[in-house]
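I opened this notebook to record what surrounds a bound ligand and what one further residue looks like. My entries follow the order in which I looked things up.

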Amino acid sequence: MDSAVSELPGRTPLDDAAETGLKIVVVGGFGVGKTTLVRSVSEIRPLNTEEVMTQAGVGVDETDGMVAKTTTTVAFDFGRISLNERMVLYLFGAPGQERFWFLWDRLFSGTLGAVVLVDTRRVSDSWYAVDRLEHHRTPFVVAVNRFDNDTSSFSLDEIRQALSLSDDVPLIDCDARVRSSGKHVLITLVDHLYELAMAREMTP
Ligand SMILES: Nc1nc2c(ncn2[C@@H]2O[C@H](COP(=O)(O)OP(=O)(O)OP(=O)(O)O)[C@@H](O)[C@H]2O)c(=O)[nH]1
Ligand SMILES: [Mg+2]
């Protein structure tokens with residue numbers, strides 16, 4: 001590899017030992033932090049399909065409580081993270097606005113697992129994501145992205161009830177802006193996938 005190329009930011013080459021690639025989707029309601037999560041954990045410069053939200057969206061796009069939000073995903077985000085020398089995750093962040101949800105079912109094709117992000121100020125917005133994943137039988141974990149101006153302080157148990165999650169679905173807190181936190185969410189998902197695979201193997 002040309003050393004000048006390998007030093008460029010956002011061009012971390014894939015490790016030679018990488019042999020397992022998993023496709024993971026990040027889903028959840030509008031503005032919950034999906035693009036932020038893919039950006040913060042990706043070791044390559046992420047592909048984002050962000051567009052500026054315009055006056056035309058007033059009354060259509062629910063932006064209550066989103067002070068800093070000026071753009072929205074119109075197709076999908078893409079990033080990559082190597083969890084160890086051999087395992088690499090390909091991350092696809094879904095668009096959150098309802099009018100782009102028709103893209104989700106396509107995005108789920110070939111997906112091994114998913115992260116559902118939840119904003120406690122709008123828990124019900126992530127209901128559709130849970131519903132679609134259950135429909136596709138795609139295993140998932142739920143991560144609560146707590147925003148600074150969030151005064152709702154719902155406990156994880158209350159969120160589990162609100163989303164009717166069964167006890168075996170992992171549910172954790174995260175900060176989508178922080179790489180280590182996002183990475184912890186992904187490791188929780190991979191551990192969950194591993195446990196499910198082991199349980200399947202044990203079943204005669
Ligand atoms: N304070 C705070 N802001 C956050 C957090 N996560 C994301 N943000 C901000 O919230 C805004 C929305 O984040 P996005 O990552 O665009 O959300 P999204 O889910 O991709 O949005 P759509 O694609 O439009 O559905 C951005 O301005 C982020 O900087 C968080 O944990 N805390
Ligand atoms: Mg987005």
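The entries below concern the ligand first and then a residue in a loop.

I note that this is a predicted model, in which local features need pLDDT of at least 70 and side-chain atom pairs count only at pLDDT 80 or more, while totals for chains, interfaces and linings use all residues. Residues are numbered from 1 along each chain as its sequence is written, chains are lettered from A and ligands numbered from 1 in the order in which they are written, and side-chain values use heavy atoms, with hydrogens and water left out.

**Ligand 1.** I looked up the residues around ligand 1 (one heavy atom within 4 Å). There are 18 of them, and K34, T35, T36, T72 and N145 come nearest. By class, I found 4 nonpolar, 8 polar and 6 charged residues in this shell; Ala, Val, Leu, Ile, Met, Phe, Trp, Tyr, Cys and Pro count as nonpolar, Asp, Glu, Lys and Arg as charged, and the others, Gly among them, as polar.

**Polar contacts.** I then looked for pairs of N or O atoms within 3.5 Å. T35 has a polar side-chain atom 2.8 Å from an oxygen atom of ligand 1. For T73, a polar side-chain atom also lies 2.8 Å from an oxygen atom of ligand 1. At G96, a polar backbone atom is 3.2 Å from an oxygen atom of the ligand.

**Residue R45.** I asked whether R45 is buried or exposed. R45 is exposed (over 50% relative accessible area, 1.4 Å probe, protein chains only), because its relative accessible area is 60%. Its C-alpha atom is 8.7 Å from that of R80, 35 residues apart along the chain.

Notes. Polar contact = N/O pair within 3.5 Å; in protein donor to acceptor, adjacent residues only side chain to side chain. Buried < 20%, exposed > 50% of the residue type's maximum accessible area, 1.4 Å probe, protein only.
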